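Please open the model in a viewer and keep the selection tool at hand. The stops below are best visited in the order given.

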Amino acid sequence: MTGSGLPFIDSPDLCRAASKKLGGNHWVLPVPLVFETELAAQAMSQEPSVHRTLDLAARADVALVGVGAVSIAGSSPLLRKWITHPIQRELARKHAVAHLNGHYLNAQGKHVDVSLCRRTVCLHPSKLRDIPFVVGVAYGAEKVAAIEAVLVGGYLDALITDDYAAAALVEEL
């Protein structure tokens, strides 16, 4: 979490605790988020346990997703090591402003295909539209453009944010 001084919380632990408290179920995607090559990511996506987990995710009743900004300061700690200078240039060329589920979006909320997306194993953002209730979490000045993109793209049904981002969004929208 950027500049907050809060500890990084492991998402499987958070999901496990939330599902237990809410009486639901959770499944862990047993793979790294990003692979070294596109071929490795494609092969892993076809593994039965991975394929099954992604299929279950696509059929969830509720999804809780983080919204990331396209900047080193606003990037997820999980993605920072993969955001190399060539990837930064590619993201800038394609006008990416947000990331959602490890994929990148432009200001109009459209998916932008970058090489990093093709090396990522996760639920594609377009599949979020089939989930009945999707909650996004993002806060801070550096996330306002990213939040706008996911809202314009129609990915979220609810947003958890802070006062600053909420006020900025009301002003922008």
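Begin by selecting Asp55 in this predicted model. Asp55 has a relative accessible area of 37%, and it is partly exposed because that value falls between the limits of 20% for buried and 50% for exposed. Now add Arg59 to the selection: Arg59 and Asp55 form a salt bridge, with their closest N and O atoms 3.1 Å apart. Arg59 counts as exposed, its relative accessibility being 54%.

The structure holds four salt bridges in total. For another of them, select Arg118 together with Asp113; the side chains of these two residues meet at 2.7 Å, N to O. Asp113 is partly exposed, with a relative accessible area of 37%. Arg118 is likewise partly exposed, at 32%.

Keep Arg118 selected and add Glu38. Here too there is a salt bridge, and the closest N and O atoms are 3.2 Å apart. Glu38 belongs to helix α2 (residues 38-45) and Arg118 to helix α5 (residues 115-118), so this pair ties together parts that lie 80 residues apart in sequence. Glu38 counts as partly exposed, at 30% relative accessibility. With Glu38, Asp113 and Arg118 all displayed, one network is in view, joined by salt bridges that share partners.

Next, switch to a cartoon representation and turn to the sheet. In what order do the six strands lie? The order is β4-β3-β2-β1-β5-β6, in an open sheet with mixed pairing. The edge strands are β4 (111-112) and β6 (158-160), each of which pairs on one side only.

Zoom in on β3 and β4. These strands run antiparallel and are joined by two bridges. Select Leu105 to find His111 of β4 standing opposite.

Then select Asn106, which is placed in strand β3 (residues 103-106). Is Asn106 buried or exposed? Asn106 is buried, since its relative accessible area of 13% is under the 20% limit. To display its surroundings, select Lys94, His95, Ala96, Val97, Val112 and Ala149; Asn106 touches each of these residues, leaving aside those up to four places away in sequence.

Finally, select helix α6, which covers residues 144-152. This helix lies across β1 (62-69), β2 (96-100), β3 and β6. Relative to β2, helix α6 runs at about 70°.

Conventions:
Residues numbered from 1 in each chain as written. Heavy atoms only, no water. Helix = DSSP H or I, 4+ residues; strand = E, 2+ residues; numbered from the N terminus. Buried < 20%, exposed > 50% of the residue type's maximum accessible area, 1.4 Å probe, protein only. Contact = heavy atoms within 4.5 Å. Pairing = 2+ DSSP bridges. Axes fitted to C-alpha atoms, helices over the stretch in contact; angles between N-to-C directions.
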